Amino acid sequence: RLGMDDIGLDEAYTAVLMHFEKDVMAVQKLYMEMKDKPPIDRDMPPLAGRISWARQLLRQVQEPMTTFQQRPAILKGVDAKRIVRKYNNVCKVLMKFEILFYTAFTQRVESLHS
């Protein structure tokens, strides 16, 4: 440790957090535009492809948030709380999408075994 606790990193992280809001909104917009017909790899079944697509979108916002969570001080501001709410809403929607298609997938597999 260099003994320089505050060398402006929190301010830099806060600036990056503001840009992260744009990323969250872009993922939300992409989801809304493509949720009915998401891009699916040619070699994937439709249900698995939808789940994979949702997970990729989720990963795009989860990985940066993990970094921000390691510096809790930057998540305490009013703007940060607004961004975290947007992030949480997007994550919730993506997880519900995944659960919906996972449930459909498991029901389909169970019906094939019956």
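This passage describes the salt bridges of a predicted model and the helix α1 in which several of their partners lie.

In this predicted model, the count of salt bridges comes to five. One of them joins Arg 82 to Glu 21, with the closest N and O atoms 2.8 Å apart. Because Arg 82 belongs to helix α3, which covers residues 78–113, while Glu 21 belongs to helix α1, which covers residues 9–34, this pair ties together parts that are 61 residues apart in sequence. The two partners may also be described by their accessibility: Arg 82 is partly exposed, having a relative accessible area of 27%, whereas Glu 21 has a relative accessible area of 13% and is therefore buried, since buried means under 20%.

Arg 82 takes part in a further salt bridge, in which the partner is Asp 79 and the closest N and O atoms are 2.9 Å apart. Here both residues lie in helix α3, and because Asp 79 and Arg 82 are three residues apart, about one helical turn separates them. Asp 79, like Arg 82, is partly exposed, and the relative accessible area of Asp 79 is 38%. Salt bridges with shared partners join Asp 79 and Arg 82, together with Glu 21 and Lys 86, into one network.

Another salt bridge is found within helix α1, where the side chains of Lys 29 and Glu 33 meet at a distance of 3.8 Å from N to O. These two residues are four apart in the helix, so the separation between Lys 29 and Glu 33 is about one helical turn. Both of these residues are exposed, in contrast to Glu 21 of the same helix, which is buried.

Helix α1 itself consists of 26 residues, and the distance from its first C-alpha to its last is 37 Å, a span close to the 38 Å expected at 1.5 Å a residue. Its buried residues are Leu 17, Phe 20, Glu 21, Val 24, Val 27 and Tyr 31, and these buried residues pack against α3 and against α2, the helix formed by residues 46–69. Glu 21 thus appears in two parts of this description, as one of the buried residues of α1 and as the partner of Arg 82 in the salt bridge that links α1 with α3.

Terms used
Residues numbered from 1 in each chain as written. Predicted model: local features only at pLDDT ≥ 70, side-chain atom pairs only at ≥ 80, totals over all residues. Heavy atoms only, no water. Salt bridge = Lys/Arg side-chain N within 4 Å of Asp/Glu carboxyl O. Buried < 20%, exposed > 50% of the residue type's maximum accessible area, 1.4 Å probe, protein only. Expected span 1.5 Å × (residues − 1). Contact = heavy atoms within 4.5 Å.
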